[in-house]
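Biologist: Please take a close look at one part of this model, the pairing of its aromatic side chains. I should also like to see that part set against the chain as a whole.

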Amino acid sequence: MDLLYEWIQNLVCYLVIFTAVLEVLPGKEYKKYIQFFAGLVLILLLVTPILKVTGMEQNFWEIYNNREYEQEKRELMEKDNYFENIDIIDFLPEDWENGEEMETDSGTMER
């Protein structure tokens with residue numbers, strides 16, 4: 001019974017907050033996007049008790065977290081490969097490679 005009460009309480013709170021957000025919006029051009037996102041969250045709220053009863057909630061969160069972890073790991077590996085393959089000379093001005101002296105903003109001469 002507590003599970004049902006908590007579920008109804010979550011739905012009511014969500015719907016009140018969603019309605020308040022829609023009323024506060026200054027323009028109507030983003031209303032359909034907010035309604036779409038709110039619909040996805042509402043579906044998740046409606047499915048949560050079914051997942052809890054069937055025991056699938058833990059599996060759902062494990063799959064979600066596993067995919068999120070793998071994506072973050074892949075992005076970090078790509079960044080690591082990028083930084084390993086760059087050379088500092090690529091970021092220096094062309095005059096530096098030629099050994100010419102350059103005048104800085106302060107008027108001093110640098111190699």
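Modeller: Read from the N terminus, the elements of the protein chain follow the order α-α-α-α-β-β. In this predicted model, that amounts to four helices and two strands. Of the contacts with a separation of 6 or more, 34% join residues 24 or more positions apart. Buried residues make up 7% of the 111 residues. The accessible surface of the chain is about 10000 Å², and carbon and sulfur atoms account for 60% of that area.

The aromatic pairing is best approached through helix 1, which covers residues 2–24. This helix has 23 residues and reaches 33 Å from its first C-alpha to its last, close to the 33 Å expected at 1.5 Å a residue. Its buried residues are L11, Y14, F18 and L22, and they pack against helix 2.

The count of aromatic pairs comes to two. One of them joins Y14 and F18, whose ring centres lie 6.3 Å apart with 10° between the planes. Planes under 30 degrees apart count as stacked, so the Y14–F18 pair is stacked. Both partners belong to helix 1 and are four residues apart, about one turn of the helix. Y14 and F18 are also both buried, and they are among the residues of helix 1 listed above as buried.

Y30 and Y33 form an aromatic pair as well, with 6.5 Å from centre to centre and 50° between the planes. An angle of 50° is neither under 30 degrees nor over 60, and the pair is therefore classed as tilted. Y30 has a relative accessible area of 53%; exposed residues are those over 50%, so Y30 is exposed.

Helix 2 comprises residues 31–54; the buried residues of helix 1 pack against this helix. On the surface, F36, L40, I43, L46, V47 and I50 form a nonpolar patch, with about 570 Å² of accessible area together. Among them, L46 lies in helix 2. The relative accessible area of L46 is 39%, a value between the cut-offs of 20% and 50%, and L46 is therefore partly exposed. Patch residues need over 30% relative accessible area, and L46, at 39%, therefore satisfies that cut-off.

Terms used: Residues are numbered from 1 along each chain as its sequence is written. This is a predicted model: local features need pLDDT of at least 70, side-chain atom pairs count only at pLDDT 80 or more; totals for chains, interfaces and linings use all residues. Side-chain values use heavy atoms; hydrogens and water are left out. Patches are made of residues with over 30% relative accessible area and no salt bridge: like charges are joined within 9 Å, nonpolar side chains (Val, Leu, Ile, Met, Phe, Trp, Tyr) within 5 Å. Accessible areas come from the Shrake-Rupley method with a 1.4 Å probe; for residues, only the protein chains shown count as cover. A salt bridge is a side-chain nitrogen of Lys or Arg within 4 Å of a carboxyl oxygen of Asp or Glu. Buried means under 20% relative accessible area, exposed over 50%, partly exposed in between (1.4 Å probe, protein chains only). Contact means heavy atoms within 4.5 Å. The expected span of a helix is 1.5 Å times one less than its number of residues. Rings of Phe, Tyr and Trp (its six-membered ring) pair if their centres lie within 6.5 Å; planes under 30 degrees apart count as stacked, over 60 as edge-to-face and the rest as tilted.
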